[in-house]
Amino acid sequence: MQSENPIIADFVKLANSAAGTMAGMTREARESARERMKEALGGVDFVSREEFETVKLMAQKAREQNEALEARIAALEAKHSAK
């Protein structure tokens, strides 16, 4: 049963309009935030898993070589100081 009171009818129209406006603003804010994130992440350079693993192995090899050279230097220093 609908009311014939124009004030109530106007209030219902206003409430419906406000709800529609809020829904539209929410959608717009969500899309805007999504676009900002895309722009922010667009400048970031990501590497593939394969590239990451390759660099990881290179770093491990460099550490091993460094440890071997440190041991060799220590042995040479010990030999030199023994003379």
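1. Let's start with Arg30, which sits in helix H1, the helix spanning residues 6-42. Its relative accessibility is 44% in this predicted model, so Arg30 counts as partly exposed. That value falls between the 20% and 50% limits, and this is why the label is neither buried nor exposed. Arg30 also belongs to a positive surface patch, together with Arg27, Arg34 and Lys38.

2. Which residues carry the opposite charge in a patch of their own? A negative surface patch is formed by Glu28, Glu31, Glu35 and Glu39. Take Glu28 as an example: this residue lies in helix H1, and its relative accessible area is 57%. Glu28 is therefore classed as exposed, the cut-off for that word being over 50%.

3. With charges of both signs around, it is worth looking for pairs. Side chains of opposite charge can pair when their charged atoms come close. How many salt bridges does the structure hold? The count is one, and the partners are Arg49 and Glu53. Their closest N and O atoms are 3.3 Å apart, which fits the limit of 4 Å for a salt bridge.

4. Where does that pair sit? Both Arg49 and Glu53 are found in helix H2, which covers residues 49-82. They are four residues apart, or about one turn of the helix. The two partners get separate labels for accessibility: Arg49 has a relative accessible area of 59% and is exposed, while Glu53, at 31%, counts as partly exposed.

5. Taking the charges together, the chain has 13 positive and 14 negative side chains. The centres of these two sets lie 7 Å apart.

6. Please also have a look at the nonpolar patch on the surface, formed by Ile8, Phe11, Val12 and Leu14. Together these residues have about 410 Å² of accessible area. One of them, Phe11, is placed in helix H1. Phe11 has a relative accessible area of 57%, so this residue is exposed.

7. Now for the fold as a whole. The chain has two helices and zero strands. Its C-alpha atoms fill a box of roughly 115 × 25 × 25 Å along the principal axes. The radius of gyration is 35 Å, whereas a compact globule of 83 residues would have one near 12 Å.

8. What share of the 83 residues is buried? The figure is 0%. Being buried requires under 20% relative accessible area. The accessible surface of the chain comes to about 8100 Å², and carbon and sulfur atoms account for 60% of that area.

9. A last point concerns Lys83, which lies in the segment after H2. Is Lys83 buried or exposed? Its relative accessibility is 81%, so Lys83 counts as exposed. Looking back along the chain, Leu69 is 14 residues away from Lys83, and the C-alpha atoms of the two are separated by 21 Å.

Notes:
Residues are numbered from 1 along each chain as its sequence is written. This is a predicted model: local features need pLDDT of at least 70, side-chain atom pairs count only at pLDDT 80 or more; totals for chains, interfaces and linings use all residues. Side-chain values use heavy atoms; hydrogens and water are left out. Patches are made of residues with over 30% relative accessible area and no salt bridge: like charges are joined within 9 Å, nonpolar side chains (Val, Leu, Ile, Met, Phe, Trp, Tyr) within 5 Å. Accessible areas come from the Shrake-Rupley method with a 1.4 Å probe; for residues, only the protein chains shown count as cover. A salt bridge is a side-chain nitrogen of Lys or Arg within 4 Å of a carboxyl oxygen of Asp or Glu. Lys and Arg count as positive and Asp and Glu as negative; His and the chain ends are not counted. The place of a charge is taken as NZ of Lys, CZ of Arg, CG of Asp or CD of Glu. Buried means under 20% relative accessible area, exposed over 50%, partly exposed in between (1.4 Å probe, protein chains only). The radius of gyration is taken over C-alpha atoms; the globule rule is 2.2 Å times the number of residues to the power 0.38.
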